[in-house]
Amino acid sequence: LWFRKGTTLLDSLPMASRTPKVAFAGLGAMGYGMATHLVRSGFSVIGCDIYQPSLDRFVKENPNASAAKTPREACQDAHFLIVMVATSVQATPLLFDEHTGAVRGLKENTTVIMCSTVAPAYISEVQQLLKSAAGKQHIRLIDSPVSGGALRAAAGTLSIFASGAPDDVEHARAVLECMSDANKLYEIPGGLGGGSKAKLIHQIFAGVHIAMSSEAMGLAALAGWDTKEAFDHLSKGGGSSWMFVNRAPFMFDPDHAKYSSVTIIAKDVVSFDYFFFLTDCRQCTVTQ
């Protein structure tokens with residue numbers, strides 16, 4: 001393995017390949033932190049993003065990193081491609097655009113790690129396109145959505161829901177462990193799509209708690225209560241949640257820095273509905 005927490009990169013690298021290359025596409029709020037953490041952990045990272053200021057900042061703050069103008073350019077000689085864009089609508093051209101798509105630059109046995117939260121069915125579509133339209137028969141694909149926010153991304157302590165062929169997940173373990181909390185790299189059974197299903201079920205809880213946190217504080221204000229005092233009491237109650245404790249304080253200070261967008265969780269919940277539409281909930285059973 002190339003990297004494990006608690007060891008130096010040089011100690012764990014095979015002699016034949018001391019600098020594994022990671023193409024990282026999507027330097028947004030979380031992607032920037034993830035890519036930066038990989039650089040500072042010793043990986044050779046090539047950043048790629050359509051927003052030039054993000055690329056400029058990435059290279060400026062990480063002298064050992066480099067930047068590419070297109071996904072195709074970023075993937076030249078890369079061992080791994082991490083996709084960390086907001087939606088599958090963005091991921092598709094990133095991967096398959098006729099002129100700039102990453103698949104045009106992928107070499108055989110490169111591992112594509114899909115960290116974006118997408119519908120489980122989309123992962124299967126990507127796999128089929130890699131094999132058919134792109135003619136890439138020996139590209140490894142891992143379904144690996146992440147959770148935890150920008151701060152945990154930068155610290156390399158994300159929750160990661162990884163699924164795919166066991167050999168492929170094992171092959172990418174060094175990268176996945178670098179980006180995740182030591183106890184939160186979850187290997188989801190069921191093959192490709194399993195990780196996205198787990199993440200989407202996780203996100204429906206998060207979405208409900210975000211909405212209910214807003215409703216609870218709104219009702220407290222409507223009742224004429226001191227909202228900060230109400231928050232202190234509610235956060236200690238049985239109905240509290242991590243999401244309530246983490247997000248509600250932002251409501252008290254409009255100038256407080258924001259670390260996530262409601263549109264992201266809304267997108268994820270829509271993907272959750274799409275998942276169940278495709279799989280038909282009538283076929284699902286719950287066991288005790």
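Six strands make up an open sheet in this predicted model. Their order is β3-β2-β1-β4-β5-β6, and the pairing is parallel. Two strands sit at the edges: β3, residues 66-68, and β6, residues 140-143. Each of these pairs on one side only. From one strand to the next, the twist averages 20°.

Start at the β6 edge. Its partner is β5, which spans residues 111-114. Four bridges connect the two strands, in the parallel sense. One residue pair helps to find the register: Ile113 has Ile142 of β6 as its bridge partner.

Now look at what lies across the sheet. Helix α5 covers residues 88-96. This helix lies across β1 (21-25), β4 (80-83) and β5. Relative to β4, helix α5 runs at about 155°.

Next, move to Ser196. This residue belongs to helix α10, which takes in residues 194-222. Is Ser196 buried or exposed? Its relative accessibility is 1%, so Ser196 counts as buried, the cut-off being under 20%. The side chain of Ser196 makes a polar contact of 2.8 Å with the side chain of Asp143. Asp143 also appears among the contacts of Ser196 beyond four places in sequence. The others in that set are Val118, Pro120, Ile123 and Pro145.

The charged pairs come next. How many salt bridges does the structure hold? There are four.

Take the pair within a helix to begin with. Glu61 and Arg57 form a salt bridge, with 3.2 Å between the closest N and O atoms. Both residues lie in helix α3, residues 52-61. They are four residues apart, about one turn of the helix. Glu61 has a relative accessible area of 38%, so this residue is partly exposed. Arg57 is at 43% relative accessibility and therefore counts as partly exposed.

Return to strand β6 for another pair. The side chains of Arg140 and Asp168 meet in a salt bridge, at 2.9 Å from N to O. What does this pair tie together? Arg140 is in strand β6 and Asp168 is in helix α8 (residues 166-171), so the salt bridge ties together parts 28 residues apart in sequence. The burial of the two ends can be read from their accessibility. Arg140 counts as partly exposed because its relative accessibility is 22%. Asp168 has a relative accessible area of 15%, so this residue is buried.

A further pair involves Arg173 and Glu187. Their closest N and O atoms are 2.7 Å apart, in a salt bridge. This pair links distant parts of the chain. Arg173 lies in helix α9, residues 173-179, and Glu187 lies in strand β9, residues 180-187. The two are 14 residues apart. Arg173 is buried because its relative accessible area is 12%. Glu187 is at 45% relative accessibility, so this residue counts as partly exposed. Which residues join into one network? Salt bridges with shared partners connect Glu170, Arg173 and Glu187.

Key. Residues are numbered from 1 along each chain as its sequence is written. This is a predicted model: local features need pLDDT of at least 70, side-chain atom pairs count only at pLDDT 80 or more; totals for chains, interfaces and linings use all residues. Side-chain values use heavy atoms; hydrogens and water are left out. Two strands pair if DSSP finds at least two bridges between them. Axes are lines fitted to C-alpha atoms, for helices over the stretch in contact, and angles run from 0 to 180 degrees between N-to-C directions. Contact means heavy atoms within 4.5 Å. Buried means under 20% relative accessible area, exposed over 50%, partly exposed in between (1.4 Å probe, protein chains only). A polar contact is a pair of N or O atoms within 3.5 Å; within protein, one must be able to donate a hydrogen and the other to accept it, and residues adjacent in sequence count only if both atoms are side-chain atoms.
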